[in-house]
Amino acid sequence: MLDMIGNGINVTFWWLMEHLLIVNIFLSVLIIFFQRKNPTTVWAWLLVLYCIPILGFVLYLILGQNFHKERMFKMKEIEGEVKYAIRRQEESIYRKQLRLKDPELERFGSLILYNLNEAEAVLTDNNDIQIYTDGKEKFRSLIYEIEHARNYIHIQYYIIKNDELWQQIEEVLIRKAKQGVEIRVLFDSMGCRTMHNRDWARLEKAGIAVAEFFPALLGKLQLRVNYRNHRKIVIIDGRIGFVGGFNVGREYLGKDPKFGYWRDTHLCIEGAAVTSLAVRFVLDWNYAAKENLFLEDRIFEIPDYLRNGREPVQIISSGPDSKSQVIRNNYLRLIHLAKERVYIQSPYFIPDDDILEALKIAAKSGIDVRIMVPCKPDHPFVYWATYSWLGDMVEAGARCYTYDNGFLHSKCMCVDGLVSCVGTANMDIRSFSLNFEVNATIYSARVTERLEDAFRNDILKSTLVTRKRYKQRTLLIRIKEQVCRLLSPLL
């Protein structure tokens, strides 16, 4: 009897392994021949499929699908006045008629042209920019501006949690809706998975329009980790725009003991660049809500600005719907144009080969390359992969730091005290190609110096990762690094 049971188990096991091998072969053919993935990513998936067959298959279903993204995210193109402004500015650059107020910025003309061509990012030079590195200050300013809205409020966040912060914002939104202000809230299905339908229904009952980006297939069971809308944008009356790293939740106020103080970077922009942010929101809203906001002219009316700004800004965005990795290439071009220093803050540092080599070459060429990451993980696999790449940069001569005063979530690059790039995109492969992101590239010594000052102040609360310190890491950490490094193309 026991022999029969044993034989049955044995037959079942080999039947399972045989069919698992067939599935793996099928997926391997699919990955190699039918999906245009980076070769490094292909090898990483093959390694996962054959080394951990069952779990690898599940991971591929969650993380690896392509879904014919070019069909899924066929967004309406920008038309009309914006297209005309792009062509006009391209012509000015080619004729060398575009002049920035600071002569030192002239060498970044090629970057301006690239962003214009690839991201349709018009350069505006009349912007006033406020920088927020503290969540309490950022949300205090946001709520103040919402309270003073007259016409419309557009809100888009990757994460919204129904805690005391959102409840405070929601209360103001409902009050403004009763006053006749038109309000739209766009949220990502994965990032807002802790929210309930009744939370959104409460807004809709108050007359607030709500749209969900890339909803889950099976209720709350979200199997599609890729192609998330990671953007954080707020537009108020076309006059004020917020963009940066803060989501909505109590941890962003430093109230979660797991993370402690939350160090981030967010911008409040007043000026013509807000129109570019408005266009970005409308494109995302049109896709998620199946509504054409381009028909509403008042959304794009140019308001009277209260402050007379002077900061040149380009709003650049990229994602699975982009023809190229615009934000990644913007970072790469900034590194190539650096002459003195490059400062980078990112919660995740998983560069592709080109970014890594550009940073190594810069460091070995005498450019002051400094990279700052958190000292604690919010995603362990990503953290140990980050620490692994940090070791490469330390070896190349860069100064690398782990931020010790809580959690560092800032996404910021500063070059030569002249140009900075701030937004939602991390320095990792996921932000470069799999998520929808938006950044502001700012051609201003005044703003960039303020961001560099904030970076230097953070150094006082950080630990320098020296060659000696890195080599003293334990065997367990080395193993974690190597495993996560192998998986880094998938993270």
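## A walk through a predicted fold

A polar contact of 2.6 Å joins the side chain of Tyr443 to the side chain of Gln314. Keep in mind as you read that this is a predicted model. Let us stay with Tyr443 for a moment and then move outward.

Tyr443 belongs to strand 17, which covers residues 437-443. Is Tyr443 buried or exposed? Its relative accessibility is 1%, and buried means under 20%, so Tyr443 counts as buried. Setting aside neighbours within four places in sequence, the contacts of Tyr443 include Leu105, Phe108, Leu111, Ile112, Asn115 and Leu123. Pro312, Gln314, Leu418 and Val419 are also in contact with Tyr443. Ile112 shows how the chain folds back on itself: 331 residues separate Ile112 from Tyr443 in sequence, yet their C-alpha atoms are 9.4 Å apart in space.

### The chain as a whole

Now for the wider view. The chain contains 17 helices and 18 strands. It has 491 residues, and 57% of them are buried. Among contacts with a separation of 6 or more, 80% are between residues 24 or more positions apart.

### Strand 2 and its partners

Strand 2 runs over residues 152-157, and 6 of its 6 residues are buried, so this strand is largely enclosed by the rest of the structure. In a regular strand, side chains alternate between the two faces of the sheet. You can follow the two directions here: Tyr152, His154 and Gln156 point one way, while Ile153, Ile155 and Tyr157 point the other way.

Which strands pair with strand 2? One is strand 3 (residues 182-188), which runs parallel to strand 2 and is joined to it by 6 bridges. Within this pairing, Ile153 has Ile183 as its bridge partner. To get from strand 2 to strand 3, the chain passes through helix 8 (residues 164-178), making a right-handed β-α-β crossover. Another partner is strand 5 (residues 233-236), which pairs with strand 2 in the antiparallel sense over 4 bridges. There, His154 stands opposite Ile235.

### Two helices to look at

Helix 7 and helix 10 can be set side by side.

| Helix | Residues | Number of residues | First to last C-alpha | Expected span |
|---|---|---|---|---|
| Helix 7 | 135-147 | 13 residues | 18 Å | 18 Å |
| Helix 10 | 273-289 | 17 residues | 24 Å | 24 Å |

At the start of helix 7, a side-chain oxygen of Asp134 comes to within 3.0 Å of the backbone nitrogen of Lys136. Several residues of helix 7 are buried, including Gly135, Phe139, Leu142, Ile143 and Ile146. Lys138 and Glu145, which carry charged side chains by name, are on that buried list too. What do the buried residues of helix 7 pack against? They pack against strand 1 (124-134), strand 2, helix 8, strand 5, strand 6 (240-244) and strand 7.

In helix 10, 15 of the 17 residues are buried, so this helix is largely enclosed by the rest of the structure. Just after helix 10 comes Lys290, which has a positive phi, near 55°.

### Two more buried residues

Glu270 sits in strand 7, which covers residues 262-270. Its relative accessible area is 0%, so Glu270 is buried. The side chain of Glu270 makes a polar contact of 3.5 Å with the side chain of Arg239.

Pro347 is found in the loop between strand 9 (341-345) and strand 10 (349-350). With a relative accessible area of 2%, Pro347 is buried as well. Beyond residues up to four places away in sequence, Pro347 touches Pro374, Thr386, Phe407, Leu408, His409, Ser410, Lys411 and Asn426. Phe407 is 60 residues from Pro347 along the chain, and their C-alpha atoms are separated by 8.2 Å.

### The nonpolar cores

Finally, look at the nonpolar side chains. The largest nonpolar core has 54 residues, and Leu359 and Ile371 have the most contacts inside it. Which helix gives the most to this core? Helix 13 (residues 380-396) does, with 9 residues. Apart from neighbours within four places in sequence, Leu359 is in contact with Ile335, Val342, Ile344, Phe349, Val369, Ile371 and Met393. A second, separate core of 46 residues includes Ala273, Ile315, Met372 and Leu451.

Key: Residues numbered from 1 in each chain as written. Predicted model: local features only at pLDDT ≥ 70, side-chain atom pairs only at ≥ 80, totals over all residues. Heavy atoms only, no water. Buried < 20%, exposed > 50% of the residue type's maximum accessible area, 1.4 Å probe, protein only. Pairing = 2+ DSSP bridges. Right-handed = clockwise from strand over helix to strand, strands pointing away. Contact = heavy atoms within 4.5 Å. Polar contact = N/O pair within 3.5 Å; in protein donor to acceptor, adjacent residues only side chain to side chain. Expected span 1.5 Å × (residues − 1). Core = buried A, V, L, I, M, F, W, Y, C linked by side-chain atoms within 4.5 Å.
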